[in-house]
Amino acid sequence: MIGNGMAGFKFCEKFVRYRLFRKFELTVFGEESQPAYDRVNLTRYLTHDEENILAPASWYDQQGIRLRTGEKVLRIDREKKCVQTATGAVLSYDLLILATGSGVYMPPVEGIGLPGVFPYRTLYDLQVIREHMKSRRKAIVIGGGLLGLEAAKAMLDAEMETVIIEHAGQLMPRQLDTTAGILLQQQVEALGLTVLLNKEITGIFQDGDGLRVVCSDGTSIATDMVICSAGIVPRDELGATAGLTTGTKGGIVVNDRMLSSDPAIYAIGECAWVHGRIWGLVAPCYEMAEVLAARLAGIYKVFRGDLLFTRLKVLGTKLAYIAAMDDGYQEGESIIEKKQEEGVYKRIRLSADGKRITGAILLGDLSGYASLLQMIRMRSRPPADPAMFLDGMGGCDNHIASLPDTTIVCLCASVNKEAIVHAITAGKLGKIGEVCQATGAGTGCETCHAMIEGMINYYTL
Ligand SMILES: Cc1cc2nc3c(=O)[nH]c(=O)nc-3n(C[C@H](O)[C@H](O)[C@H](O)COP(=O)(O)OP(=O)(O)OC[C@H]3O[C@@H](n4cnc5c(N)ncnc54)[C@H](O)[C@@H]3O)c2cc1C
């Protein structure tokens, strides 16, 4: 396998779980120098110096998996079925898995390679940023999406004067509607961040000891450092050079069993183009790893990829977004609640026939998020009175109790409701950390934390 990031590590875990070592010898090449770490919580490294390694090298040894860190694969020879690495080593394969992830989209403008301009993706990136920040005061973050906001908050916490530059007319333009975008901006600005919208960067120039960022409207801003977090680019270069089919926006094209255009090569994670898109969140990447491991064990599974959901983690602003991805429905009306003065905005999208909830935006109040996530995922009918979703969503939280025991609560670790209820009731665990540790839930994207908290409340009362 090439790539030892989050999808690669999840595959290793599943390799062990499905006892694939009985059939295969697994060698994992990782370009980064450490074993896989928790990229989702990478920002903590800036403030807490935590590397968040998912498992030490000794774990791989114990499982009989050969881990070769700090060894980049340079070439795939599909005819000879071998890969060549930067150390000159050549290793043959029967099956090859690409789990090479993504890189950061760096705007192709003059000065993008200057010292003081950084991508925001790897532990190494953050080590360099941390070092650079020590003697600096001002930062610009390019990109007002989920990651850009996270990076900007980290800069602010390090007492940097921080400006977010977004080329669209609102923050998080791909997830939020205009109303939510405006409210979020107010909350972000209240924290002390400056937001500049509708700005296209045209160049970055040295300016004394610092930098100057120039925009297409003729304005320019002085700064000490620039952090790029304006999107991801799938790292498909190895597969593309080897002649594998790639998607229209990059990524190795695979079917719902993760198989590429070569019957001996699979792709999982952010480097894979599946169901007509790249999946830039950890839960679908984990699902891909699960599907591939199960298939190699002879178990029928396909990648559904029917849901995108995420929560803003570090900003101190409550924000969650859910979207059903299958397009077999027509968009209908939305139920909307807005409490401007409390900074609360909720929008529940319904299908045209009113039989499905197809998406949700929750800003300022996340109650009901977990139940909504399950309802959308399970394609449940909305309740007769959709107003229960609004005004505190008390009724919606009770929905947890009515879910079947087999309902998967943690999509990353495939932990079901029964296991969690057992930990709470039989194990008498009442804290989210305890329940997560006992069940393995909530250790990936952490989106299920709201639901687990709801379950703790419900089952301990
Ligand atoms: C700061 C940050 C916060 C995030 N927060 C969230 C969040 O809140 N929720 C969420 O769902 N997602 C989040 N994500 C996205 C999530 O981290 C990714 O979806 C996930 O890491 C994808 O896993 P992957 O294995 O496909 O890619 P990666 O984790 O990037 O792993 C790919 C690995 O392959 C290696 N590699 C590439 N090419 C080669 C080669 N030629 N030879 C050897 N090795 C190679 C790379 O060095 C890398 O280590 C966040 C990402 C970042 C950067």
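Here a biologist and a modeller talk through a predicted model, one question at a time.

Biologist: Good to see you! Into which domains is the protein divided?

Modeller: Happy to start there. Two segments, 6-102 and 232-296, make up domain 1, and 117-228 is domain 2. Further along come 318-393 and 403-461. The division is therefore, by the domain assignment, domain 1 (6-102 + 232-296), domain 2 (117-228), domain 3 (318-393) and domain 4 (403-461).

Biologist: And what distance separates the centres of domain 2 and domain 4?

Modeller: The centres are taken over C-alpha atoms. For domain 2 and domain 4 the separation is 36 Å.

Biologist: Let's turn to the ligand. Which residues come nearest to the ligand?

Modeller: There are 36 residues around the ligand. Elements giving two or more residues to this shell are α1 (6-17), β1 (27-30), α5 (146-157) and α8. By class, the shell holds 15 nonpolar, 12 polar and 9 charged residues. Those that come nearest are G3, G5, A7, G101 and G269.

Biologist: Which domains each give at least three residues to that shell?

Modeller: The shell around the ligand draws on two domains at that level. One has the bounds 6-102 + 232-296, and the other runs over 117-228. They are domain 1 and domain 2.

Biologist: Helix α8 came up just now. What end-to-end distance does α8 have, and what should it span?

Modeller: Helix α8 covers residues 282-296, which is 15 residues. At 1.5 Å a residue the helix should span 21 Å, and the distance between its end C-alpha atoms agrees: 21 Å.

Biologist: How many residues of α8 are buried, and which residue just after α8 takes a positive phi?

Modeller: Helix α8 is mostly covered, with 13 of its 15 residues buried. Just after α8, a positive phi of about 85° is found at G298.

Biologist: Now for some sheets. Which strands stand at the edges of the sheet β12-β13-β14?

Modeller: This is an open sheet of 3 strands with antiparallel pairing. Within the sheet, 4 bridges join β13 (residues 210-215) to β14, and L211 stands opposite T223 in β14. Each edge strand has a single partner, so one side of each is left without a neighbour in the sheet. The edge strands are β12 (201-207) and β14 (220-223).

Biologist: What is the average turn between neighbouring strands in the sheet β3-β4-β5?

Modeller: That open sheet also has antiparallel pairing among its 3 strands. At its edges are β3 (73-77) and β5 (90-92), each pairing on one side only. Direction ignored, neighbouring strands are turned against each other on average by 20°.

Biologist: Which residue in β5 stands opposite C82?

Modeller: Strand β4 (residues 82-85) runs antiparallel to β5, and 3 bridges join them. The residue in β5 opposite C82 is S92.

Biologist: Is strand β25 enclosed or open to the outside, and how many of its residues are buried?

Modeller: Strand β25 spans residues 357-363. On one pairing, 5 bridges join β22 (residues 319-324) to β25 in the antiparallel sense, with A320 and L362 as bridge partners. Another antiparallel pairing links β24 (residues 344-351) to β25 over 6 bridges, where Y345 has L363 as its partner. Strand β25 is largely enclosed by the rest of the structure, because its buried residues number 7 of the 7.

Biologist: Which residue in the hairpin of β24 and β25 takes a positive phi?

Modeller: The hairpin has 5 residues between the strands. The positive phi, near 75°, belongs to G354.

Biologist: Where is K81, and is K81 buried or partly exposed?

Modeller: K81 sits in the loop between β3 and β4. Its phi is near 50°, a positive value in a residue other than glycine. With 16 other C-beta atoms within 10 Å, K81 is partly exposed.

Biologist: What about N198: how many C-beta neighbours does N198 have inside 10 Å?

Modeller: N198 is in the loop between β11 (194-196) and β12. Although N198 is not a glycine, it has a positive phi of about 55°. N198 counts as partly exposed, and its C-beta neighbours inside 10 Å number 13.

Biologist: One last stop: is G433 exposed or buried?

Modeller: G433 lies in helix α12 (residues 432-439). In sequence G433 is 62 residues from S371, and in space their C-alpha atoms are 20 Å apart. Around G433 there are 10 other C-beta atoms within 10 Å, so G433 is exposed.

How values were computed: Residues numbered from 1 in each chain as written. Predicted model: local features only at pLDDT ≥ 70, side-chain atom pairs only at ≥ 80, totals over all residues. Expected span 1.5 Å × (residues − 1). Buried ≥ 20, exposed ≤ 12 C-beta atoms within 10 Å, placed from the backbone. Near = placed C-beta within 6 Å. Nonpolar A, V, L, I, M, F, W, Y, C, P; charged D, E, K, R; others polar. Pairing = 2+ DSSP bridges. Axes fitted to C-alpha atoms, helices over the stretch in contact; angles between N-to-C directions.
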